[in-house]
Amino acid sequence: MRCADHGTWQYSHVEFGVLGEIEVRAGGRPVDLGPARRRCVLAALLVDVNQAVRTDQLVDRVWGDRPPAQARTTLSSYLTRLRQVLGDTPLTRRSGGYVLTADPASVDLHHFRDLVARARATADDAKAAELLDEALGLWRGEAFAGLDTPWINAVRGNLDDERRAAERDRTDVQLRLGRHSALLPSLTAQAEAQPLDERLAGQLMLAQYRGGRRADALETYRRVRALLGDELGVDPSPPLQELHQRILAADQALTPAETTLPVPRQLPAAPSQFTGRARELRLLDDGTAPITVIGGTGGMGKTWLALHWAHRNLDRFPDGQLYVNLSGFAPSGEPLAPETAVRGFLDALGVPPTSVPADSAAQAGLYRSLVAGKRMLIVLDNARDTDQVTPLLPGTSDCTVLVTSRRQLGGLVTAHGAKPLPLKVLSEPEARELLELRLHTNESAALAELLRQCAGLPLALGIIAARAAANPDFPLSALAEELRDETAKMAAFDAGEATVNLRAVFSWSSQHLEAPDARMFRLLSLHPGPDFSAAAAASLAGVRLDEARASLGTLTGAHLLTQPAPGRFALHDLLRAYSASLPDDDRDDAALRLLDHYLHTAQLADQLLFPHRDRLTPPTPSPGMTLERLADDHKAWDWFRAERPALLTLTEQAANTGFGGHAWRIHWNLVTFLQRSGLWHDLAANARTALAAATRTGDSEGQAQCHISIAYSSVRLTEFDDAHAHLGHALELRAGDRIAQADIHLQLDWACGQQGRNEEALTHALEALRLYQAEQHESGQALALNDVGWYHANLGTYTEALTYCDEALRLHRKLGNRVGEAATSDSVGYAHHHLGHHEQAVSAYLHAISLYHELGDRYGVATALTHLADTHSAAGEPALARDCVSAALDIFESLRHPRADETRTKLRGLDAAGSGLGTAD
C-alpha cells in the first residue's frame, strides 16, 4: 500500500513468478489467477514492472495480430479481476497505459537478473558461485509455461539465452574454483545436447584437460570443428582455437591447484555377525532408484541393513559417505532439526565456518551444490517424516540416499520417486542362523522355543543373544521358560539398556500417536486372529468405520501394523504382546463388542451361504459394534475363509470367559462353511468346545445343536457309533419341539444310509417328513421328500423314488433352495441311472455338480462325480467315466476323506479293465 505522508511504497509480502508457470504467492500461499489470458496480461505487466505499458502494447502482447473485436473491453475486465486477486499490490492506469507497482526483487525474473549482475560484478568467485546458484535456482521450468503468443514466445527465447549465459558464467566460476571433477558429468551431457555451443565446448575441454583427460579434450575440439565446418561452413572461434593450442602445448597455466576438500567418512561401524536379508540386499545392489526408504517397525533391523550394505559397497562411493541420525523416534521425543543436519554435513564437506551462509535455505543450497555431480552415499537414519528428510536430499541423482524410518514416508515416494523397501521379520532359517552365530548350544528344543517367541524380530533375537551371553552358565531352557509367560514376556526382552529393551523401543513409536490411534493400538491385542478387517477393528474400539480406517492407516504408516492383503491388517506377535501390556479400562467392553461383531457377521454370512436354513435369534449387539458389509454369497465365502482362525479361537475364548451363548451361536453359524469346506475335524473340535460351554450354562438348544454338529462330523469320519450317540442326546434335549425333532431324524436317516442301513434310514426320513408336514414346514418337507426318495432308490423302488424326488425338486425350486436342489438332482440322477435312463441321469448329475460348485461344496461335487462316472460307464463311455473318478479322487484326497481309498481302487480297476466301475455309494 502507498504511504500518503511520504509518497513511498510499502510492499505486502507478495511474490510473482514467471520463470515457470505464472504464479503469485501472498503470504506464502498461491493466488488463483484464473484463465490463461488473464495470466498473460499479468506477465505482460511483470516484465516491465513499475513501468507503464500502453494499452495497445498490452493488446499486442496478449493477442498478437489476432485481437478480439472488443479487445480493450476484455482487457479492462481482465485488469479489474487482477486488481481483485492482487489485493494491496497497486495496478493503476497511467499515461495511456497501465503500471503494476511492486518491489522488483519480488518478481523472480528481475531478481534473477539482479543476482546475475551482482555475480558478474564481484571479484570473489565463491560469492559469485553462490549468487549464480541462487539465480538459477529461481527457474521452475520453461518461462511463461502454458502461455503461447508471439510476444511471449519472443521474450521466452531471450530469457532462455539469459539463463544459458548464467549457466555458462557459473561453470566458469566453478572452473576457477578448481571444481572441474564435479563438473565433468554435467558438462558432458550438456555438450551432447548442444554440440555447436563453442563456449560450452571450451568449458568441457578445460575440465577434461584439468582432470587428466588431455586426449578427450583434443577429441572434443576435433568433433566441434568438424560439426562447425559441416553444418555452418565456419572454423572454430579464435578463443576456442587458442585453448586448443594451449592444450596441445600442455600449458601449465591452464591447471591451477584444485581446492582440496576432505572426503567425508561418517558411517558408523558395520554391524557384526549380520545375517539374512538376501532379497533386500539384492534390491539395494540393483541401485535403480537414487533414494530408497527402508521401513519397518522398531527393532526390525533397518539401520543394521543400511550400514551393512553401505560398508559392503564403499567402493561405489569414492567421494565419501555422509551419515546422520535424525532421532525421529528418540526417547526425548525431539527429532533433529533438518537445518542442524545440513550444518553438520557442511562441516563434514570442509566448508569453513566463515563461508557458511547465515540463512538455512542458503545452507541447504550450498550443501546441494557441494554434493552435485559426486558419487556419494547419504544415510539419513531414523527419520520422523518427509519434511525432515526433504532439505537433506541432493539436487541431482549422482548421490545414493538411504533413508530409514518407522513410517512409510509416502511423500518421498510420491514427490521424489523414492523406492520403498519395507522390512518384514526374518524367516525361520535366517533367525536360526542369527542365533546360532551368537549362541553355541546343543539345547535344540530351547533354541526352537526362543526362535518361536522372538517371531523373527531382529532386535528380539539380539536381546536374547545378549542376555544369554551375559549369563553363560544359565541354561537356555530357563530363558525360554521365562518367555513362555505371556504376562512377563516384555520384561524378558530387556538386555539392560534402553536401546536393547524391546518395551522401550516399541514405546518410542507408540508415544508419537494421537490419542484415538494409541487407543486403537492398545485394543488390537484382543483380536485373536492372524489378521483382521477394518470393521473388526472398528468394533473393538467402538468407533465409526471411517475413524477405524484412519487409525489403521496411521498405524500402518508407522509400521506398527502390516497389510498382508488388501483390506486386512496384522500385528506382529511381539507388538501384540507389547500392546497387551498397555493398560486400558475399555478392554472388557471391547472384547464383548468383538464377540458381537463376529457372531452377527457370521450369522449374516451363513444366511447368504444357506438362505433356507432356520435362523437363530442372536443377542442384541453391544453399542459401537460394526457389522461387515457382505454383498453376496461370494463375499460371505471369502469372509469365512479369512476369518476362520479368529472364529475358531473366539468360540474357545467365549466358552472360557462366561459367554457360552456366544460360543455355541458362533459355532452354529460356522457349520455350513465348515461342512462345505470339508473341514470336519475343525467342525468336531469347535462343536465340542461349544458343547462344553452350553452344558455349563444349561442351554438345551445350544447343547442339541452342538451334538448334531459332532454327529455330522462323526459320520463324515466314519465314526458311526459316536454319531448315533450324539443324535440320541439331541433327540432327548429337543423333546417337544417337532421341527427340531424332524431335523434330528434327517441326521439319523443320513447316518443310517451311510452305513448301508437303508430301511432304518427310510423310517427316519418318513418320520421327519411327518413332523415337518404337521408343522407345515415347507423347507423341511422338501429335504425329507428327497431323503425318502433317495432311500427308496437305494432299496430298488426307483419309480417311487422319482415321485418323491420330483416333489422335492418342485418345493426346493419354489423356495430357491440351491442346496436342496443340488442334493435332490443327484438323487434324481441316481434313480434314472438304475432305470436305464442314461441321458436323463447325466443331465441330472451335471446340474447337481454345477450347483455344488456354485455353493463351494467340494464333497458334494466329488460324490456326484462318482455317480456320474457310473452312468458314463453303463452308457459305454469309459474315458468319460475315468475322468470323473479321477476328478473325484483329487477332491477326496484334498479333504483327507476315507472315501479316497475306495475311489482310488475304483480308478485302478477302470485303468486295468477299461470299464466296469463299481456300484455308486
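Is Phe-144 buried or exposed in this predicted model?

**Figure 1. Phe-144 in the loop between α5 and α6.** Phe-144 counts as buried, because its relative accessibility is 0% and the cut-off for buried is under 20%. The loop that holds Phe-144 runs between helix α5 (125-137) and helix α6 (150-176). The backbone is also worth a look at this position. Phe-144 has a positive phi of about 55 degrees, although Phe-144 is not a glycine.

**Figure 2. Arg-277 in the loop between α10 and α11.** Arg-277 is placed in the loop between α10 (238-248) and α11 (278-286). The phi angle of Arg-277 is near 60 degrees, which is a positive value in a residue other than glycine. Arg-277 has a relative accessibility of 4% and counts as buried.

**Figure 3. Leu-437 and its contacts with Gln-273 and Thr-275.** Leu-437 belongs to helix α17, which covers residues 428-438. Its partners in this view are Gln-273 and Thr-275, with residues up to four places away in sequence left out of the count. Leu-437 and Gln-273 are 164 residues apart in sequence, but their C-alpha atoms are 6.9 Å apart in space. At 35% relative accessibility, Leu-437 counts as partly exposed.

**Figure 4. Helix α22 and the helices packed against it.** Helix α22 consists of nine residues, 502-510, and seven of them are buried, so the helix is largely enclosed by the rest of the structure. Which residues of α22 are buried? They are Leu-502, Ala-504, Val-505, Phe-506, Trp-508, Ser-509 and Ser-510. These buried residues pack against four elements: α19 (458-470), α21 (489-492), α23 and α26 (573-581).

**Figure 5. Arg-519 in helix α23.** Helix α23 spans residues 515-523 and includes Arg-519. This is the α23 that also packs against the buried residues of α22. Arg-519 is partly exposed, with a relative accessible area of 23%. Leaving aside residues up to four places away in sequence, Arg-519 touches Ala-541, Val-543, Asp-584, Asp-586 and Arg-593. Leu-582 is 63 residues from Arg-519 along the chain, and the C-alpha atoms of these two residues are separated by 9.7 Å.

**Figure 6. The ring pair of Phe-640 and Phe-673.** A search of the whole structure finds 16 aromatic pairs. In one of them, the rings of Phe-640 and Phe-673 have centres 5.1 Å apart and planes at 15 degrees, so this pair is stacked. The pair links distant parts of the chain, as Phe-640 is in helix α28 (residues 633-656) and Phe-673 is in helix α29 (residues 660-677), 33 residues apart. How accessible are the two residues? Phe-640 has a relative accessible area of 0% and is buried. Phe-673 also counts as buried, at 2% relative accessibility.

**Figure 7. The aromatic cluster around the same two rings.** Phe-640 and Phe-673 appear again here, as members of a cluster linked by ring pairs. The other members are Tyr-598, Trp-637 and Trp-639.

**Figure 8. Ala-692 in helix α30.** Ala-692 lies in helix α30, which covers residues 680-697. The relative accessible area of Ala-692 is 36%, and this residue is partly exposed. Ala-692 and Asp-806 are 114 residues apart along the chain, and their C-alpha atoms are separated by 41 Å.

**Figure 9. The whole protein, for orientation.** The protein contains 41 helices and 15 strands. Its radius of gyration is 40 Å, well over the 29 Å that the globule rule gives for 921 residues, so the protein is more spread out than a compact globule. The C-alpha trace spans about 115 × 90 × 70 Å along its principal axes. Of the 921 residues, 50% count as buried. The protein exposes about 40,800 Å², and carbon and sulfur atoms supply 50% of this area. Among contacts between residues at least 6 apart in sequence, 66% join residues at least 24 apart. There are 91 positive and 116 negative side chains, and the centres of the two sets lie 6 Å apart.

Note on methods. Residues numbered from 1 in each chain as written. Predicted model: local features only at pLDDT ≥ 70, side-chain atom pairs only at ≥ 80, totals over all residues. Heavy atoms only, no water. Helix = DSSP H or I, 4+ residues; strand = E, 2+ residues; numbered from the N terminus. Rg over C-alpha atoms; globule rule 2.2 N^0.38 Å. Buried < 20%, exposed > 50% of the residue type's maximum accessible area, 1.4 Å probe, protein only. Contact = heavy atoms within 4.5 Å. Areas by Shrake-Rupley, 256 points an atom, 1.4 Å probe, with all protein chains shown as cover. Lys, Arg positive; Asp, Glu negative; His and termini not counted. Charge placed at Lys NZ, Arg CZ, Asp CG, Glu CD. Phe/Tyr/Trp six-rings, centres within 6.5 Å; stacked < 30°, edge-to-face > 60°.
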